[in-house]
Amino acid sequence: MKKRTVLLLAFLIALLAGCQATGKTISLPAAGDVTSLRVETLDGQELTYTDNETIQAVLEVLATGKATGRESVQDFPAVSPYGTVHLENQGGVTTLYYYQEDGAILAEQPYQGIYRLAGDPESALPSAN
């Protein structure tokens, strides 16, 4: 009986540790793999960039995302307005949404999670400066 309890406890601890380790940061393609960046800003502007500097700058802002512990359970955020970032690469397209909530800027990766950003993706765009 004691062995089973210890094994069950060890399994639960390992399971919880594994759950906490996954999803802490946003899953992004490597900057060198991104061929195009398409952004729809919070005010509805549609912008496309192919230069490495802009792509790198936006990826740096997105990479600051830390998990909020909230889940993303649908294709689009349940808030309005929101901006969209499409990172096109040879393996397909990575799509993220960003929005402001309670003074913070959040990024939502559908079905992956919701992340608090340290900055605003729009501030990394040349047209926003």
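Strand 6 (residues 104-109) and strand 7 pair in the antiparallel sense over 5 bridges, where strands are DSSP runs of E of at least two residues and helices are runs of H or I of at least four, both numbered from the N terminus. Two strands count as paired if DSSP finds at least two bridges between them. The model is predicted, so local features need pLDDT of at least 70 and side-chain atom pairs count only at pLDDT 80 or more, while totals for chains, interfaces and linings use all residues. Residues are numbered from 1 along each chain as its sequence is written, and side-chain values use heavy atoms, with hydrogens and water left out.

A good place to begin is the pairing around strand 7. Within this pairing, Leu 106 stands opposite Arg 116, and Ala 107 faces Tyr 115. The two strands form a hairpin with 3 residues between them, and Tyr 111 in the turn has a positive phi of about 65 degrees. Strand 7 also runs antiparallel to strand 3 (residues 66-67), to which 2 bridges join it; here Lys 66 has Arg 116 as its bridge partner. Of the 5 residues of strand 7 (residues 113-117), 4 are buried, so this strand is largely enclosed by the rest of the structure. Buried means under 20% relative accessible area, exposed over 50%, and partly exposed in between (1.4 Å probe, protein chains only).

The wider picture is an open sheet of 7 strands in the order 2-1-4-5-6-7-3, with antiparallel pairing. Strand 2 and strand 3 stand at the edges with a single partner strand each, so one side of each is left without a neighbour in the sheet. Helix 2 packs on the sheet, touching strand 1, strand 2, strand 4, strand 5 and strand 7. Contact here means heavy atoms within 4.5 Å. The direction of helix 2 makes about 65 degrees with that of strand 1, using lines fitted to C-alpha atoms (for helices over the stretch in contact) and angles from 0 to 180 degrees between N-to-C directions.

The largest nonpolar core has 21 residues, and Leu 37, Leu 62, Leu 87 and Leu 125 have the most contacts inside it. Helix 2 (52-62) is among the elements that give two or more residues to this core, and its share, 5 residues, is the largest. Such a core is a set of buried Ala, Val, Leu, Ile, Met, Phe, Trp, Tyr and Cys residues joined through side-chain atoms within 4.5 Å.

Thr 54 lies in helix 2 and is buried, with a relative accessible area of 4%. Not counting residues up to four places away in sequence, Thr 54 touches Leu 37, Tyr 49, Ala 124, Leu 125 and Pro 126.
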